[in-house]
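Colleague: Before I use any of the terms for this model, I would like each one set against its definition.
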Amino acid sequence: MKRKTNLSATFALLPTWLVAVVVFIGTMAWSINLSFTNSTIFPSSTYVGFAQYAKLFSSAKWLASLQNVLIFGVLYVGGCLLLGFLLAAALDRKIRFESAFRTIFLYPYAMSFVVTGLIWQWMLNPTLGIQASVRSLGWESFVLDWVVNRDLAIYALVLAGVWQGAGLVMVIALAGMRGIEAEQWKAARIDGIPVWRIYVSIILPQLGPALAAAGMLLAMGVIKTYDIVVAMTNGGPGNATEVPAKFIMDNLFGRQNLGLATAGATVLVLGVIMIVAPFRYAMHMHSKARGAR
Amino acid sequence: MQSAVSIKDLKIAYGDNTVIEKMSLDIAPKEFLVLLGPSGCGKSTLLNAIAGLQDITSGEIWISDKNVTWEEPKDRGIGMVFQSYALYPRMSVRKNLSFGLRVAGLPKAEIEARVARTAALLHLDKLLDRRPAELSGGQRQRVAIGRALVRQVDVFLFDEPLSNLDAKLRNELRVEIKKLHQSLGNTMIYVTHDQVEALTLADRIAIMRDGVIQQLASPSEIYHRPANLFVAGFIGAPAMNFIEGRIETANGSPTFQSNELSFDLSGYGFKTPPVSGQATLGFRPDHLVLDGAASGLPTIPGRISVVEPMGSEAVLWFDWAKQTLSLRLMGDVTLLPGDALSPGLDISKASLFGADGSRL
Amino acid sequence: MARLHPNGPKPTQITAGRIGLYVFLLVAVLFFTLPLYTMVVTSLKTMDEIRLGQIFSLPSKLDFSAWTTAWSGACMGTVCVGIRSGFWNSLAITIPSVALSVFVGAVNGYALSLWRPRGASVLFGLLMAGGLIPYQIFLYPMVRAMATVGLYNSLAGIILVHVIFGLPLVTLLFRNYFVSVPEELCKAARVDGAGFWRIFFEIMLPIAVPMVVVVSMLQFTGIWNDFLLGLVFAGRDNLPMTVQLNNIVNTTMGERTYNVNMAATILTALVPLAIYFLSGRWFVRGIAAGAVKG
């Protein structure tokens, strides 16, 4: 009896097995394999060792995109965590119209990166956007030209990204704060701990795991960053906002440079592993420490 | 005489919903007062109001002869222990104990001395560097008590501190709290719904119901002379037996009559001279004597339905006039269900309640 | 005198901290709403008015022509048919993708959590790993494979791709949901003689209705908002709205018509925003569930 029904379960999972093995493992192996060949428009079976990787890391564009994604990633994840936590703490203070505030802070998260990128491209438009409006108020020297400024374009992306993603952190942090038992608040009041100190010393440490999860989620998004760049700056000005995912896409479909693109994609996968592995390890140790008790 | 905690005309209401109605209560220095009642009776609300964690509607709260009605909790001179322990989970025991003192800016040496003294008192010395998650329930609660102790205040508030513990630990910690009170001599206000805790710990018990104190008296007074039917029914396990009937004063000395029974009430300590009317007779299972005939007491003839042996004692449940009554006796029992019995009742130990439920 | 005899509730004082709190919240509201506001007012202005450079001013008179242009006349390169075909394409892509991925994901979650056949944990691990890895590594081989079986650049193809890449998240959410269902329920049904599918359709699926709603919403917004997969797999005739929007805005010849761009942007964001504003807490539950357990 048990055997027969378990067979149905196995059967039901068959399509997913197919996807996991063929799509996830198979195509990845194929791509990684391609990265060691001299493929250009079409796949080639001439293996060139790490030549594509060497080429990749001597490409100014790739190195620029790595640097960009690092700056963007740190500021975007940090910005989302900070703003999200502050918003959550503010909403946690028994304020009026809490749900209206929450709705407003989260709505950008429902929108696509393309839409987000286009909105901020327009807001930051140097001739007709915020800059023009502020100047017409009399502040003639006001400058907000981030999207067209080589040195600042990456921060325009950060601004748009934080605007879109801070709400997610807020939701997670607020859920965590609501999960903290009321008696801890009472105990802290009896101890005479100021409110800000309660958030910093008592609540923040307890939200650690949830915020780490949110941070990891955002970091994964950073590695995949593509749409928002295409929509907002298309990598410019110059290489100022080039990112690895876009570099790969350009070489895959625009420049027909298969070997280089797959080498880039492989590096990206390694990047993901480098982000996820420590987190998973920490989770694992954490649950083991718990299990030991 | 001065009092440690004094509550004057306290009222707490949420809109139309009144939780505490015009309550006044004086607690003497060094007294151990237990607030006892079923859940929702307002006992925790009252304790939180004393702590300053609960907004009040009207009235005043005085602690150590100072009006603290508008004071912040930290300035009231109180320490509090919670049901869920409420330890700060990411801090070690040492930090949990010292956090409030550090925020208050006490000198380091003073903090260390206080923590060391408290840890020694509560046997926490070896646990100081552990985190709450690495402690057992009983250890956690000792840390929570320690956190109240380091504040070196006159009044301690306990909000159901033992409810989250298993029965064995509960008994152990109960004894420890009692010892603590005896050695420290602080005023303690202790909220519980557990009557055993109340009876064992308290100097005085305030039994609450629907935001009103039903009786404020010593454990023995509350057990033996409950002020009304609610108190009588709430305290004691198995619960007090109740028989509905009438008091008749027509034939000179008062009697209680129910079905074919008639008890002479001349041995009962009436608060006011008795009058004829509806009444309820209450008596505890341990106030029945198994062999009624030999004792010379008035008897209640019945038939045993269930026998519950409990080791050193046993409870007999017997049927009388479509009611099930209980009787407690010490030692082993040889009686079986179905056996007839005729226990005697000592009227002087019983309680009589009038039609309004209050003690006669 | 009142100071000497405090009685009743402490008089509430408006503290500086409280004021600061509301100031912070209002600034935050401004930060989050200004872009949306700007978008709406820009879409209602004429180009002449936009050239004045007053991005925050209200339109002098309401002009909906940008909206009609965006819907049916805006140009992508040299083709000027508006964004409406993208809207219908997105619907045609999103609805079947959501239905299929939610169904398969629910079955997966149910089988993985309550039946745990041989290899279940391996499969789950593979799925989770697949969900974390950037799409770029899968793209080229998938394009080739789909071209071989004739699904590349087709509606069925893009739907299949969305179902495949949706599986990790949907499976995870359903697995976590079914793990919390008491195992006794499944055991009792098996004692009653029900099999795998019967238990799924008659017991588990009805229990999981709230989860189905949450996951469907999450998937709907996710797939509607997708850009990359639509760009690569959908083909010219099936381009989703996001891709068409980007083409309209970023491949314009001549002067940019900002009012039309903003109208097209709002139109593209409208469906997920409608879901968000109408579903409220459900959406919040969905992203919280997806995020924390991710």
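The exchange below takes the terms in turn.

Modeller: This is a predicted model, in which local features need pLDDT of at least 70 and side-chain atom pairs count only at pLDDT 80 or more, while totals for chains, interfaces and linings use all residues. Residues are numbered from 1 along each chain as its sequence is written, chains are lettered from A and ligands numbered from 1 in the order in which they are written, and side-chain values use heavy atoms, with hydrogens and water left out.

Colleague: How do you know that A:Asp250 and A:Lys246 meet in a salt bridge?

Modeller: A salt bridge is a side-chain nitrogen of Lys or Arg within 4 Å of a carboxyl oxygen of Asp or Glu. For A:Asp250 and A:Lys246 the distance from N to O is 3.1 Å, so the pair meets the rule. Both residues lie in helix H12 (residues 244–254) of chain A, 4 residues apart, about one turn of the helix. Helices (H or I, at least four residues) and strands (E, at least two) are DSSP runs, numbered from the N terminus.

Colleague: What makes B:Glu72 and C:Lys10 a salt bridge?

Modeller: Their closest N and O atoms are 3.6 Å apart, which is within the 4 Å limit, so the pair counts. The count between chain B and chain C is 1 salt bridge, and a search of the whole structure finds 21 over all chains.

Colleague: How many residues of chain B and chain C make the contact?

Modeller: Contact means heavy atoms within 4.5 Å. By that rule 9 residues come from chain B and 8 from chain C. The two chains bury about 840 Å² between them, with 55% from carbon and sulfur atoms; buried area is the accessible area (1.4 Å probe) that two parts lose on being put together, summed over both. On the chain B side, B:Glu60, B:Asn67 and B:Trp70 supply 64% of the area buried against chain C, more than any other three residues.

Colleague: What is counted as a polar contact between chain B and chain C?

Modeller: A polar contact is a pair of N or O atoms within 3.5 Å; within protein, one must be able to donate a hydrogen and the other to accept it, and residues adjacent in sequence count only if both atoms are side-chain atoms. Between chain B and chain C, 8 residue pairs qualify, both residues being at pLDDT 80 or more. Strand E4 (residues 58–63) of chain B gives the largest share of the side that touches chain C, 3 residues. That side of chain B divides into 2 nonpolar, 5 polar and 2 charged residues.

Colleague: Why are residues of that kind put in one class or another?

Modeller: Ala, Val, Leu, Ile, Met, Phe, Trp, Tyr, Cys and Pro count as nonpolar, Asp, Glu, Lys and Arg as charged, and the others, Gly among them, as polar.

Colleague: Which residues supply the area that chain C buries against chain A?

Modeller: Chain C and chain A bury about 7,800 Å² between them, 79% of it on carbon and sulfur atoms. C:Phe32, C:Ile137 and C:Tyr140 supply 10% of the chain C area, more than any other three residues. In contact are 84 residues of chain C and 88 of chain A. The rule finds 0 salt bridges across this interface, and 19 residue pairs are in polar contact, both residues at pLDDT 80 or more. Helix H1 (residues 16–43) of chain C gives the most to the side touching chain A, with 16 residues. By class, that side of chain C has 60 nonpolar, 18 polar and 6 charged residues.

Colleague: How does the radius of gyration of chain C stand against that of a compact globule?

Modeller: The radius is taken over C-alpha atoms, and the globule rule is 2.2 Å times the number of residues to the power 0.38. For 294 residues a compact globule would be near 19 Å, but chain C has 25 Å. The C-alpha trace of chain C spans about 80 × 75 × 30 Å along its principal axes.

Colleague: What domains is chain B divided into?

Modeller: Domain 1 (5–233) and domain 2 (237–353); the bounds come from an automatic or database domain assignment. The centres of these two domains of chain B, taken over C-alpha atoms, are 38 Å apart. In contact are 11 residues of domain 1 and 14 of domain 2 of chain B.
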